[in-house]
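Colleague: Please take a close look at one part of this model for me, the helix packing, and set it in the context of the chain and its partner. Short sentences will do.

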Amino acid sequence: MTTLTHPPKPTTRPPVRRTKPTALSKWRRRFPLLPALIFTIVVTQLPFVATLVISTFQWNILRPDERRFTGLSNYTLVFTDERLRHAVLNTVVLTASVVVLSVLLGLGLALLLDRRFRGRGLARTLLIAPFLVMPVAAALLWKHAIYNPDYGLLNGTLNAVYRLFGAENGPTVDWISTFPMPALVIALVWQWTPFMMLILLAGLQAQPGDVLEAARVDGASALQTFRHITLPHLRQYIELGIVLGSIFVVQTFDAVFTITQGGPGSQTTNLPYEIYLTMFRKFEYGQAAAAGVIVVIGSIVIATFALRVVASLFREEASR
Amino acid sequence: MSAQATATVVRRPRRRKRNDDPGQAPRLSPLWTFVAWLATLAFFAPVAWMVLTAFHQEADAATNPPSLLAPLTLDQFSLLLERDITPYLLNSAMASVFSTLLVLALAVPAAYALSIKPVEKWTDVMFFFLSTKFLPLIAALLPIYMIVKDIGMLDNIWTLVLLYTAMNLPIAVWMMRSFLAEVPKEILEAAEVDGAGLPTVLLRVVAPVAMPGLAATSLICFIFSWNEFMFAVNLTATQASPAPVFLVGFITNEGLFLARLCAAATLVSLPVLIAGFAAQDKLVRGLSLGAVK
């Protein structure tokens, strides 16, 4: 944390008060902040301390007599566990593919929506709908209404197209069991692309108009303008989209829970779902806590980048 | 200082961006307009399909090839209401509304102490709030589950209210700070010199600038609480379950009613769709924690 919080330059205040602030006036300033600060510490920080403590116990709720302190053995177990290593890999694959694909698609859509065309406002409204549909509802929609082999929209459309060309029937593909990870990725990309588009569109629209105008006057081609002006300007917005997206997508629970239940086998079990299984199916509290601590450490690594990006945008805003 | 004077000074022109004048944005060629609309419709198709199927009979919903032109009906919605989706929706409404109110009650004073009368090291405090948002909820589930079980608060709507408050508080603090930071310092100081008390300053100077921000913050917090799934499904059972838990019954393929599922999905998504469309302009600022305007 300390490395990240280069404080933005405090806006210079005219010297209204000349006396040095007393302890009392300092506390008077702090007072409105305290309820929120205390609430956050109690509800978000204490559970993590508890997780840390639980992770050093052998603790299965089905065998309460055998609860004892075991030091770091849960971590050894977690690191050597085949299922868990698989879950780590799945989490990385899932997060990386969802974030990269939705940033690319979001960038494409943002570039189109940055221009004027007939019905641009309506198009933008329709495009953010996937992000607003309740995630569990969206997951069920993809699972049953789109991927279902018998009556899903995907096979149904294939069938209709095949019949159009005189074939008897289209292929019957069981999308979820044949391509479990891509099925999950596509459903999530659909959900997250609008998020990326909104951030990147805001970035495009914050481009200084005079620079673009100057480039046009100087006879720069559209591609040159994009490469040398738009892309460098967009960089921090792309970074912001990537880090915020990673933070949210790493935590994906509802889509895995709904679409694949981590299957077939453990092909799509990501860390949150694996922790859930350890906790509520195997009742191994100690192991679940240890896995939780590992997820937290992983998140801190991503968050370090995230905070740096947010801090740079924040500094820029504060210095305005 | 009169209210009119405040209002005129407050609405000073923002830094000029290209999009302040939409006439300057270049036009898309007809070909690219076609591409843009094709992409838009492709993205919207699943939502359209969901809504359309919600108005179909069960027999027309699960056909292959899909029947687009089947007669429309409201049967699925009346069936859902008969099957008691209402308590779930009410639980969702309670959890989201109360947690949003609690978030605002905590975040607004905090944002005040981080912008208008900043405490020393206020940026450190900001980044502390932000860093809590980056910790994965799943890692907190176990201790929260154990504590909540111990004090007999499982399956209780107030448990969700408290957790959603903690979940949204960092976002709200960041958003509200970015709005309160727009209150012009000169006017605040002028009001103070004129001897205006704190209530007057809050009401006459801060409130007019902060109101749109307050609305945007509430909408974002409402959306996130309404859609939350993991705490809802693991900490409630029969009494306090919100809308996402109602949908869990549709996970298995066995005996699935597709039209009813689509009706349920449409119904539970409707409040957020409306809120999101209404707050479109502010959505990006909330999602980026106030970093992007």
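Modeller: Start with the contacts in chain A. Of those with a separation of 6 or more, 72% join residues 24 or more positions apart. This is a predicted model, so local features are discussed only where pLDDT is at least 70. Chain A has 14 helices and two strands. Its C-alpha trace spans about 85 × 75 × 30 Å along the principal axes. The radius of gyration of chain A is 25 Å, where a compact globule of 320 residues would have one near 20 Å. Of the 320 residues, 42% count as buried.

Now the helix packing in chain A. Two packed helices are described by the angle between their axes and the distance between the axes. How do α4(A) and α9(A) pack, by angle and by distance between axes? Helix α4 of chain A covers residues 82-113, and helix α9 of chain A covers residues 180-205. Their axes are 6 Å apart, at an angle of about 45°. That angle makes α4(A) oblique to α9(A), since values between 35 and 65 degrees are neither roughly parallel nor roughly perpendicular. The crossing of α4(A) and α9(A) is right-handed. The contact between the two has 21 nonpolar residues and four polar ones. Charged residues are absent from the contact of α4(A) with α9(A).

Chain B offers a second pair. Helix α6 of chain B, residues 122-133, packs on helix α8 of chain B, residues 157-180. Here the angle is about 140°, and the axes lie 8 Å apart. α6(B) and α8(B) are therefore oblique to each other, because only angles over 145 count as roughly antiparallel. α6(B) passes α8(B) in a left-handed crossing. From α6(B) the contact takes B:M126, B:F129, B:L130, B:T132 and B:K133. They meet B:P170, B:I171, B:V173, B:W174 and B:R177 of α8(B). By class, the residues of this contact are seven nonpolar, one polar and two charged.

Next, the contact between the chains. Chain A gives 93 residues to it, and chain B gives 89. On the side of chain A that touches chain B, helix α14 of chain A (residues 285-318) supplies the largest share, 14 residues. That side of chain A divides into 67 nonpolar, 17 polar and nine charged residues.

Some single residues deserve a look too. Most residues other than glycine have a negative phi. A:F283 has a positive phi, near 55°, and is not a glycine. A:F283 sits in the loop between α13 (271-280) and α14 of chain A. With 14 other C-beta atoms within 10 Å, A:F283 is partly exposed. In chain B, B:D155 also has a positive phi, about 60°, without being a glycine. B:D155 belongs to the loop between α7 (137-150) and α8 of chain B. Is B:D155 buried or exposed, or in between? B:D155 is partly exposed, because 15 other C-beta atoms lie within 10 Å.

Last comes A:L212, in helix α10 (residues 209-217) of chain A. A:L212 counts as partly exposed, with 18 C-beta neighbours inside 10 Å, because buried takes 20 or more. A:L212 and A:Q191 are 21 residues apart in sequence. In space they are 32 Å apart, C-alpha to C-alpha.

Technical notes
Residues numbered from 1 in each chain as written. Chains lettered and ligands numbered in written order. Predicted model: local features only at pLDDT ≥ 70, side-chain atom pairs only at ≥ 80, totals over all residues. Helix = DSSP H or I, 4+ residues; strand = E, 2+ residues; numbered from the N terminus. Rg over C-alpha atoms; globule rule 2.2 N^0.38 Å. Buried ≥ 20, exposed ≤ 12 C-beta atoms within 10 Å, placed from the backbone. Contact = placed C-beta atoms within 7 Å. Axes fitted to C-alpha atoms, helices over the stretch in contact; angles between N-to-C directions. Parallel < 35°, antiparallel > 145°, perpendicular 65-115°, else oblique. Left-handed = near helix turned anticlockwise from the far one by under 90°. Nonpolar A, V, L, I, M, F, W, Y, C, P; charged D, E, K, R; others polar.
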